[in-house]
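Student: Please take one part of this model and go through it closely. I would like to see how two helices pack against each other.

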Amino acid sequence: MARVQRIEYEGAVYHVTARGNDRRPIFRDDADRERFLRVLGESVEQFEVRLYLFCLMANHIHLVVETPRANLSQFMHRIETAYTVYFNRRHSRSGHVMQGRYGARLVEREAYMLRLSRYVHLNPVFTAAAKKRPPAERIAALREYRWSSYRSYIGKDRPLAFVDYTPVLAAISSEAARRRQAYRRFVESGIEGVDEAFLEAKNASPLCIGSEEFRDRIGALYRRLLDGKPRPEDAAFRRKGTILPAEEILSVVCRRLSVDRDLLLRRRRDSFDRAIASRMLCEHGGLTQRQAAGVLGIGNGACVSAHLRKLSRGLEMDRKLRGQVDGIAAELRRRREDAKS
């Protein structure tokens, strides 16, 4: 069977899966899982990928990621290589840990990412053994499962610095204070009520998860890729059609934070202003962390990443800060919608 070629473009969202060689376990104990998460977090920062969720199972993994720099292949190569070197050295073995190529299907972000997140997070309670247990026991097991992003999504663990929770939680509720509880209800409802429509969309194409229109567009893009022709369709999937200029984003941020531009660009101790601006430039301006650093004079992408981690911790503890960030994001979303119409 011919190898499916990768489709990569800026802003693409993927459901990534990787299995153990011959379906053997890829984690022998919690130390292995901890190391994999460390490699994952390092790779997210190094390649400026947006990781939205993950789930580690005994012999396979699920990731949902966005690639602002169209670099999924480099990102996954680094993860698989770094983890394989560690695993083989620790367990005195050689050879592949992962089986063949990882799977990567494009996701129609607005329509399907929320439902995909439920599917991924429910994996631990949809094993053959788990499905025999009563629903209440499966819910309890899901909430206690340590090796996915679910616990941090519902507030049972602290947010992970390398996971971006905003798009999924924003899709579940417009009220920030209720998002985690609403997301928990949404996911756990899938234990008894299977989302047949999502599964149908998931199984409809080996290339992508989305509506019929999305599948047609990805199929046309894939055929052009096979033919070796120029791919003007690529641009239709980039965020650039619905992003905002950096100047407009900074204007909104300054007005809502009541700071002038000079003050925003100035380094100030215990201020989240530049972190908020960085986040909005990446999410609503389509910039990479390195590009946002250049706009704000922060230094480099690693510095922006550090700012964003600090902001994530602050948002968990400060209701007023959450309100400010949510208000800015809501206005920018409206502006993007207006720009499309």
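Tutor: What follows is a close look at one helix pair, and then at the nonpolar cores. The model is predicted. Two packed helices are described by the angle between their axes and by the distance between those axes. Take helix H13, residues 273–285, and helix H14, residues 289–296: their axes lie 9 Å apart, and the packing angle is about 130°. Angles over 145 degrees count as roughly antiparallel and those from 65 to 115 as roughly perpendicular, so H13 is oblique to H14. The crossing of these two helices is right-handed. On the H13 side, the contact is made by Arg274, Ala277, Ser278, Leu281 and Cys282. H14 contributes Gln289, Ala292, Val295 and Leu296. Sorted by type, the residues of this contact are six nonpolar, two polar and one charged.

Now the cores. The largest nonpolar core has 73 residues, and those with the most contacts inside it are Leu40, Leu63, Phe75 and Tyr183. Helix H2, residues 72–90, supplies the largest share of this core, seven residues. Leu63 can serve as an example: leaving aside neighbours within four places in sequence, Leu63 is in contact with Tyr14, His15, Val16, Leu40, Leu51, Leu53, Phe54, Phe75 and Met76. Apart from the largest core lies another, of 29 residues. Among its members are Ile249, Ile276, Leu281 and Ala292. Two of these names have come up before: Leu281 of H13 and Ala292 of H14 also take part in the contact between the two helices.

Definitions and conventions:
Residues are numbered from 1 along each chain as its sequence is written. This is a predicted model: local features need pLDDT of at least 70, side-chain atom pairs count only at pLDDT 80 or more; totals for chains, interfaces and linings use all residues. Side-chain values use heavy atoms; hydrogens and water are left out. Axes are lines fitted to C-alpha atoms, for helices over the stretch in contact, and angles run from 0 to 180 degrees between N-to-C directions. Helices (H or I, at least four residues) and strands (E, at least two) are DSSP runs, numbered from the N terminus. Angles under 35 degrees count as roughly parallel, over 145 as roughly antiparallel, 65 to 115 as roughly perpendicular and the rest as oblique. A crossing is left-handed if the near helix is turned anticlockwise from the far one by less than a right angle, and right-handed if clockwise. Contact means heavy atoms within 4.5 Å. Ala, Val, Leu, Ile, Met, Phe, Trp, Tyr, Cys and Pro count as nonpolar, Asp, Glu, Lys and Arg as charged, and the others, Gly among them, as polar. A nonpolar core is a set of buried Ala, Val, Leu, Ile, Met, Phe, Trp, Tyr and Cys residues joined through side-chain atoms within 4.5 Å. Buried means under 20% relative accessible area, exposed over 50%, partly exposed in between (1.4 Å probe, protein chains only).
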